Amino acid sequence: MRSTQTAKHCPECPEECFCGSSKQLEDNHLGGRKYIPDIYIPFCGEDHATFHVLCRRAGINFRAIKDRSMALIQALKAMLIGLWMVVDRLEKQITSQPKAEQNEIDTRNEPSKKR
């Protein structure tokens, strides 16, 4: 979904999608451009398309809704889809690591035991 608006990027804005790709970056209005226009993050074209497919499957309506409370519910549902995509990507990254590497990471993150 391409926007006709110009992207406003600050120096702290990510220059890649959460998947690590910087190809075909698009500003994804995570809560819907009509509901919460100020919240957007860069998605690669593939993840942006997937986001909209998942939103349609979840019954999220991005058309203008006059009832502000219902519009915000739709926005929150869309944001939850986006967050789920990020968590799902992290889970896939963790589970794709070799078991020995996972164990090494686990032991580094364990608190020190004092005796």
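Here is a short conversation about how some features of this predicted model get their labels.

Author: A word on the ground rules: this is a predicted model, where local features need pLDDT of at least 70, side-chain atom pairs count only at pLDDT 80 or more, and totals for chains, interfaces and linings use all residues. Residues are numbered from 1 along each chain as its sequence is written, and side-chain values use heavy atoms, with hydrogens and water left out.

Reader: What makes up the protein, in terms of helices and strands?
Author: It has three helices and two strands, in the order β-β-α-α-α from the N terminus. These are DSSP runs numbered from the N terminus: helices are H or I with at least four residues, strands are E with at least two.

Reader: Why is Phe43 called buried or exposed?
Author: Buried means under 20% relative accessible area, exposed over 50%, and partly exposed in between, with a 1.4 Å probe and protein chains only. Phe43 has 0% relative accessibility, so it counts as buried. Phe18, at 27%, therefore counts as partly exposed. Of the 115 residues of the protein, 28% count as buried.

Reader: How do you know that Phe18 and Phe43 form an aromatic pair, and what kind is it?
Author: A pair of aromatic rings is described by the distance of the centres and the angle of the planes. Rings of Phe, Tyr and Trp (its six-membered ring) pair if their centres lie within 6.5 Å; planes under 30 degrees apart count as stacked, over 60 as edge-to-face and the rest as tilted. By this rule there are three aromatic pairs. One of them joins Phe18 and Phe43, at 5.2 Å centre to centre with 70 degrees between the planes, which makes it edge-to-face. Phe18 sits in the segment before β1 and Phe43 in strand β2 (residues 40–43), 25 residues apart, and the pair links these distant parts of the chain.

Reader: What makes Phe43 and Phe51 an edge-to-face pair?
Author: Their centres are 5.8 Å apart, and the planes stand at 75 degrees, where over 60 counts as edge-to-face. Both Phe43 and Phe51 are buried. Phe18, Phe43, Phe51 and Phe62 form one aromatic cluster.

Reader: What makes the phi of Gln24 worth a look?
Author: Most residues other than glycine have a negative phi. Gln24 is not a glycine, yet has a positive phi of about 50 degrees. Gln24 lies in the segment before β1 (26–29).

Reader: And why is Gln24 called partly exposed?
Author: Gln24 has 48% relative accessibility, so it falls in the partly exposed class.
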